[in-house]
Amino acid sequence: QVQLVESGGGLVQPGGSLRLSCAVSGSISSINTMGWYRQAPGKERELVATITSGGTTIYADSVKGRFAISRDNANNTVYLTMNTLKPEDTAVYYCNADGVAYRLGRYRRHDYWGQGTQVSVSS
């Protein structure tokens, strides 16, 4: 089974920083795009940032210039460095991986999700 485990969330004051990590484990052959999504109470889940295996990144307008996504392909780990955090960044952050695994006789692509980690920005 493929598992994604997020870590690094917590409580931080406005203007502070956090670094989230997501490690992918299990029988996965390759990972294409990895990303971070977030969901605040009463809100829909939204894209925060994504990064392809080649290093191409996409950021939501609300986090451009403040957040940075990176990955360690050798260890199947993706990071989200968050700077100048604002109260509106408060949400559960979910890790996502677009991966390929051999199952049912062939290689198949599947979106894998972590269980989420809470980020709270408050004074």
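**Entry 1. Charges over rings**

I looked first at Arg-19, which lies over the face of Tyr-79 at 4.0 Å from the ring centre. I note at the outset that the model is predicted. I then turned to Arg-45 and found its charged end over the ring of Trp-113, 4.8 Å from the centre of that ring.

**Entry 2. The open sheet**

I next asked in what order the strands of the open sheet stand. Four strands form this sheet, in the order E1-E3-E8-E7, and their pairing is antiparallel. Strand E1 (3-7) and E7 stand at the edges with a single partner strand each, so one side of each has no neighbour in the sheet. I recorded an average twist of 15° from one strand to the next.

I then followed the pairing of E3 with E8. Six bridges join these two antiparallel strands. Within this pairing I looked up Leu-20 and found its bridge partner in E8 to be Leu-80.

**Entry 3. Strand E7 and its hairpin**

I examined E7, which covers residues 67-72, and asked which side chains are buried. Phe-67, Ile-69 and Arg-71 point to one face and are buried. Ala-68, Ser-70 and Asp-72 point to the other face and are not buried. I note for reference that side chains in a regular strand alternate between the two faces of the sheet.

I also followed E7 into its neighbour. E7 and strand E8 (residues 77-82) run antiparallel and are joined by six bridges. Asp-72 has Thr-77 as its bridge partner in E8. The hairpin of E7 and E8 has four residues between the strands, and in this hairpin Asn-76 takes a positive phi near 50°.

**Entry 4. The disulfide**

I asked how many disulfides there are, and the count comes to one. The disulfide is formed by Cys-22 and Cys-95, whose sulfur atoms are 2.1 Å apart. Cys-22 lies in strand E3 (residues 18-25) and Cys-95 in strand E9 (residues 91-103), so the pair ties together parts that are 73 residues apart in sequence. I looked up the angle about the S-S bond of Cys-22 and Cys-95, and at -85° the link is left-handed.

I then checked whether the two cysteines are buried or exposed. Cys-22 has a relative accessible area of 0% and is buried. Cys-95 also counts as buried, at 0% relative accessibility.

**Entry 5. Aromatic pairs**

I searched the whole structure for aromatic pairs and found two. One of them is formed by Tyr-102 and Tyr-107, with 5.0 Å centre to centre and 70° between the planes. This pair is edge-to-face, since planes over 60 degrees apart count as such. I also looked up the exposure of Tyr-102 and Tyr-107, and both are exposed.

**Entry 6. Positive phi in two loops**

I finally looked at two loop residues. Thr-84 lies in the loop between E8 and E9. Thr-84 is not a glycine, yet it has a positive phi of about 50°. I found Thr-84 to be partly exposed, with a relative accessible area of 45%.

Where does Leu-104 lie? I placed Leu-104 in the loop between E9 and strand E10 (106-113). Leu-104 has a positive phi of about 55°, although it is not a glycine. With a relative accessible area of 74%, Leu-104 is exposed.

Conventions. Residues numbered from 1 in each chain as written. Predicted model: local features only at pLDDT ≥ 70, side-chain atom pairs only at ≥ 80, totals over all residues. Heavy atoms only, no water. Buried < 20%, exposed > 50% of the residue type's maximum accessible area, 1.4 Å probe, protein only. Pairing = 2+ DSSP bridges. Disulfide = S-S within 2.5 Å. Axes fitted to C-alpha atoms, helices over the stretch in contact; angles between N-to-C directions. Phe/Tyr/Trp six-rings, centres within 6.5 Å; stacked < 30°, edge-to-face > 60°. Lys NZ or Arg CZ within 6 Å of the ring centre and 35° of its normal.
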